[in-house]
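Look at the sequence and the model below. This report describes the surroundings of the ligand and then turns to one of the sheets.

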Amino acid sequence: MSKNFYITTPIYYPSGKPHMGHAYSSIVADIFARFKRIEGYNVYFLTGTDEHGQKIQKEAEKNKKKPKIFCDEISETFRSLTKILNLTNNDFIRTTEPRHFKSVNEIWKRLFKSGDIYLDKYTGWYSVSDEAYYDEDEIEEKNGKKVSKSSGSLVEWVEEESYFFKLSAWQDKLLEYYKKNKDFILPNARKNEVISFVEKGLKDLSISRTSFTWGIPVPDNEKHIIYVWLDALTNYLSALNFPDTNSDKYKSFWPADVHIIGKDILRFHAIYWPAFLLAANLPLPKRVFGHGWILSDKKKMSKSLGNILDPIEIIKNYGIDQLRYYLIKEVSLGNDGSISMENLKNCINNDLANNYGNLCQRVFSFIKKNCNNKIPNGNNLNENDLKLIKNVKNHIPSLIDLINKQNLNEYIKKVVTFSFEANKYFNDSEPWVFKKKNPVRMNAILFTIVEQIKNISILLYPIIPISTKKVLNTLNFSDKDILIDNIYKDNILNLDQELKNLDILFKKVEDDN
Ligand code: MSP
């Protein structure tokens with residue numbers, strides 16, 4: 001089995017400042033990337049910005065800037081967000097880069113050569129904000145304006161010469177692929193929506209525009225600009241050196257293991273993208289996972305509603321691990337989730353400060369005081385101690401399985417349970433009682449609890465990497481030792497070296513914060 005793993009985020013429109021929705025897609029992808037790395041995979045994690053199209057051109061005009069200069073500035077804020085979110089992306093692609101032009105040109109040529117492209121005229125509705133075409137039955141009238149039923153964004157009537165992609169010709173092949181690859185689209189409810197949409201019949205797709213200029217020109221007919229979604233989706237290949245299909249990167253990582261996206265862009269990823277790839281005679285990605293929306297005041301965040309949550313502000317106030325933990329614990333990955341500052345505070349205080357954080361601090365200061373700051377040996381573990389340790393080890397295969405199905409909520413629930421159980425074990429075992437009368441017993445308890453802290457920290461590392469690294473470094477674990485395998489291994493704890501100091505892990509949030 002290949003030990004390579006390719007995961008992507010959507011590439012973001014640099015039309016405005018990044019918001020919590022963007023941060024969410026990226027954090028989710030980073031958690032999977034980190035997990036696969038500590039599982040021993042060679043991971044390629046891609047993110048970036050989607051810079052062409054009418055939406056960006058209009059936004060640049062509004063700001064009285066040339067589109068490229070406008071994109072340079074905003075793309076940079078997305079790039080710096082990757083640092084603020086502590087993402088481990090291997091690459092950051094911009095669709096205005098030459099490597100991407102090359103790749104999109106090749107895709108176009110392949111589709112043209114296979115006979116999947118023809119010239120005609122598009123007459124219908126278009127939403128610039130969604131960069132999407134809509135049928136008559138997908139729009140409605142609101143306050144005298146025509147809007148998309150699904151996104152609520154304004155649509156306009158378009159009549160222009162356009163190249164079309166023979167999407168209708170791929171309908172049966174797509175349905176066959178969904179049938180054969182049951183987990184291609186997850187979660188399941190989303191898959192069913194896609195399948196019934198395709199079953200209703202696919203119309204050919206307009207894949208070029210002539211009414212603006214900001215984009216990649218169609219080869220051999222430069223008055224046409226390639227439709228921004230055909231352009232954007234190809235980024236997943238551009239980053240792997242496509243069209244050089246002999247390059248190591250391409251050979252190691254294509255097809256992608258999972259595209260993490262929001263549910264609003266599922267149609268593009270689960271219908272158009274595989275159809276383009278089928279026509280280009282390229283392998284299809286293994287999975288598209290459509291997460292729900294982060295709601296603010298129970299509504300999707302948008303500039304026009306003025307309810308944007310700024311991740312950078314929240315991180316400044318509470319910390320990045322805290323935000324990552326909260327988003328994963330409190331929002332069910334496949335569904336929409338409202339977030340509130342009140343819940344964020346409770347989550348930091350209850351789960352992070354009082355539970356995991358407090359356990360680590362208490363245990364380490366006990367060892368410092370009573371054991372010369374060294375982890376005692378675990379030669380005399382009793383049944384109870386072994387049961388606690390084994391319970392985590394026995395769960396590893398099912399935890400890996402949860403991650404492989406992107407079931408992050410069940411995963412974190414399990415790990416939090418381990419942490420509560422470890423706390424209870426420490427309280428109930430009362431090592432302080434044995435200090436004088438039975439030091440061997442005290443040592444066994446301390447060894448067991450440190451073993452648990454180590455295991456829980458490795459399992460929490462993908463979600464809260466900064467804090468868990470601090471804990472593991474205290475135990476003299478180096479970063480390269482943070483591996484799932486080191487949960488299984490006995491005798492991995494360093495008993496000879498003193499524990500390093502651990503600063504407060506999570507500050508409790510007071511009400512007036
Ligand atoms: N540029 C396209 C994606 C092209 S991928 C080949 C795009 N960009 S976007 O900036 O509008 O959105 C990027 C991602 O952010 C989408 O997955 C979208 O669902 C996600 N989010 C935007 N707002 C969101 C929330 N309020 N909540 C969660 N994610 C949402 O679409």
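## The shell around the ligand

In this predicted model, the residues around the ligand fall into three classes: 13 are nonpolar, nine are polar and three are charged. The shell holds 25 residues, and those that come nearest to the ligand are Ile11, Asp50, Gly262, Asp264 and Ile294.

Several elements each supply at least two residues of this shell. They are strand 1 (4–12), helix 1 (20–38), helix 7 (228–233), helix 8 (235–238) and strand 14 (258–262).

## Polar contacts and burial

Asp50 has a polar side-chain atom 2.7 Å from a nitrogen atom of the ligand. With Tyr13 and Gly262 the backbone takes part: a polar backbone atom of Tyr13 is 3.2 Å from an oxygen atom of the ligand, and a polar backbone atom of Gly262 lies 2.8 Å from an oxygen atom of the ligand. The ligand taken alone exposes 660 Å², of which the protein buries 95%.

## A sheet of four strands

Strands of a sheet pair through backbone hydrogen bonds, in either a parallel or an antiparallel way. One open sheet here has four strands in the order 5-4-8-10, and their pairing is antiparallel. Strand 5 (132–134) and strand 10 (205–206) each have a single partner strand, so one side of each is left without a neighbour in the sheet.

Three bridges join strand 4 (residues 117–127) to strand 5 in the antiparallel sense. Tyr126 stands opposite Tyr133 in strand 5.

## A helix across the sheet

Helix 10 (residues 266–279) lies across strand 5, strand 8 (156–165) and strand 10. Helix 10 runs at about 30 degrees to strand 8.

Note on methods: Residues are numbered from 1 along each chain as its sequence is written. This is a predicted model: local features need pLDDT of at least 70, side-chain atom pairs count only at pLDDT 80 or more; totals for chains, interfaces and linings use all residues. Side-chain values use heavy atoms; hydrogens and water are left out. Two strands pair if DSSP finds at least two bridges between them. Contact means heavy atoms within 4.5 Å. Axes are lines fitted to C-alpha atoms, for helices over the stretch in contact, and angles run from 0 to 180 degrees between N-to-C directions. A residue is near a molecule or strand if one of its heavy atoms lies within 4 Å of it. A polar contact is a pair of N or O atoms within 3.5 Å; within protein, one must be able to donate a hydrogen and the other to accept it, and residues adjacent in sequence count only if both atoms are side-chain atoms. Accessible areas come from the Shrake-Rupley method with a 1.4 Å probe; for residues, only the protein chains shown count as cover. Ala, Val, Leu, Ile, Met, Phe, Trp, Tyr, Cys and Pro count as nonpolar, Asp, Glu, Lys and Arg as charged, and the others, Gly among them, as polar.
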